[in-house]
Amino acid sequence: MSKIRVKDTEITIIQQNEDDYICLTEMVANIEDGNKLIERWLNSKTTVDFLGVWEQLNNKNFKTPEFRGIRENVGSSSYFLSVRKWVDQTNAIGIYAKAGRHGSGTWAQVDIAFEFCTYISPEFKLLLITEFKNLKKREARGLDQVWDFRRFLTKANWRIQTDAIQEVLIPLRNLPKAKEGIIYAEEAEVLNKVVFNKTAKEWNTEHPELVKKGHNIRDYGNTHQLIVIGNLEPLNAELIRNKISQFDRIQMLRQAALEWLKSLAKSTAFQDTFIDSPLVDKYKQIEVRNVDTEKITPDLNQLKQIIKSSPKIDNQKEFPKDGELF
């Protein structure tokens, strides 16, 4: 399943019978009486002729006599053709209706979906075709799969950080069991602030509609940001185990993130390819002009020296009950 966005409308594309099918219902979601638009389009003799030709070219089990009967009646005031009726009577495969909570609506093979777009507007059709082509280019290059893999790694490495939180921060903070989740959330926000320069809470406030769809700030991170987060999680875990204060950790993590982003921007390796989230409309290259090139990330030996010289947390006062920065 893939998603494209056309004029602020998110449209789902799925694989069915080794072909691409687009959700017509989602196409008209932001159009008044959109479902009636699908009905009016279907009950046009021109549409039925197009569907009939498509089925005869692509469906060996298409019932041509039944199709002719429908063609004779469609368009009259006493006859109504629904998607289900079309499929049941002709054994059509190019368009179908599905009920239920997941994937419900009217779906059409991509050629038929493009034809329906003509009924909406020429502009919508051209924009949809452009976005669909871009999707196919990304799929051909494996770009979305690379992004998905990077997103998976950030989730996998999150466990390394949570273990450190459980071993070190939770005993230090001595919060009630019911409030321990606050600490995990705070540390997630540390990395969000370092990489995205904003917390998830701030992002949620800016994008309430995306939150309603179950999206979060990291769903919109590019591969470079996800690579950095995936590497910051184990680094942050080690700093936590060495009882570095949250404020000092943020400075170290931020400097590491800046240096890594610069390195990734210069890399030509495929695994370092810059790919924006498939949920982002426009694909942008990473901006590194504002990175402070005078600062150098300390090497491992320097980092060890920093850790050794940093003050240890030896009492609860270092961690106020409401957290340090978030």
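This briefing introduces the main features of the structure shown above.

Welcome! What you see is a predicted model. Its protein chain contains 14 helices and 5 strands. Of the chain's 326 residues, 44% count as buried. Among contacts with a separation of 6 or more, 65% join residues 24 or more positions apart.

**Helix α2 and its surroundings**

- A good place to start is helix α2, which spans residues 34-42 and has G34, L37, I38, W41 and L42 as its buried residues. Looking down the axis of α2, you would find these buried residues within an arc of 130°, so they line one face of the helix.
- As background, an α-helix has 3.6 residues a turn, so residues three or four places apart point the same way.
- Several elements help to cover the buried residues of α2, including α1 (24-27), α3 (45-58) and α5 (83-90). The cover also includes β4 (95-98), β5 (105-109) and α6 (110-120).

**Two helix pairs to look for**

- The axes of α2 and α6 come within 11 Å, crossing at roughly 105°. An angle from 65 to 115 degrees counts as roughly perpendicular, and α2 and α6 are therefore roughly perpendicular to each other.
- On the α2 side, this contact is made by L37, I38, R40 and W41, while α6 brings I112, E115, F116, Y119 and I120. Sorted by class, the contact of α2 with α6 has 7 nonpolar residues, 2 charged and no polar ones.
- Now turn to α3 and helix α4 (residues 64-73), whose axes come within 10 Å and cross at roughly 170°. Angles over 145 degrees count as roughly antiparallel, and this description therefore fits α3 and α4.
- Where these two helices meet, α3 contributes K45, V48, D49, G52 and Q56, and α4 contributes T64, F67, I70, R71 and E72. The residues of the contact of α3 with α4 divide into 3 nonpolar, 3 polar and 4 charged.

**The nonpolar cores**

- In soluble globular proteins, nonpolar side chains tend to be buried together.
- Here, the largest nonpolar core has 37 residues, and those with the most contacts inside it are I22, L24, M27, W86, F116 and L128. Helix α6 gives the most to this core, with 7 residues.
- Another core, of 23 residues, lies apart from the largest one, and its members include V190, L210, I244 and M252.
- What does W86 touch, not counting residues up to four places away in sequence? Its partners are V48, L51, G52, E55, F62, F67, I70, L81, N91, A92 and I95.

**A few single residues worth a visit**

- Q15 sits in strand β2 (residues 9-16), and this residue is exposed, with a relative accessible area of 52%. Leaving aside residues up to four places away in sequence, Q15 touches D20 and K136.
- Although Q15 and M1 are 14 residues apart in sequence, their C-alpha atoms are 6.9 Å apart in space.
- Most residues other than glycine have a negative phi.
- D8 is not a glycine, yet has a positive phi of about 65°. You will find D8 in the loop between β1 (2-6) and β2, where D8 is exposed with a relative accessible area of 65%.
- K243 also has a positive phi, near 60°. K243 lies in the loop between α12 (223-241) and α13 (246-266), and at 33% relative accessibility K243 counts as partly exposed.

Technical notes:
Residues numbered from 1 in each chain as written. Predicted model: local features only at pLDDT ≥ 70, side-chain atom pairs only at ≥ 80, totals over all residues. Heavy atoms only, no water. Buried < 20%, exposed > 50% of the residue type's maximum accessible area, 1.4 Å probe, protein only. Helix = DSSP H or I, 4+ residues; strand = E, 2+ residues; numbered from the N terminus. Arc of directions from axis to C-beta. Contact = heavy atoms within 4.5 Å. Core = buried A, V, L, I, M, F, W, Y, C linked by side-chain atoms within 4.5 Å. Axes fitted to C-alpha atoms, helices over the stretch in contact; angles between N-to-C directions. Parallel < 35°, antiparallel > 145°, perpendicular 65-115°, else oblique. Nonpolar A, V, L, I, M, F, W, Y, C, P; charged D, E, K, R; others polar.
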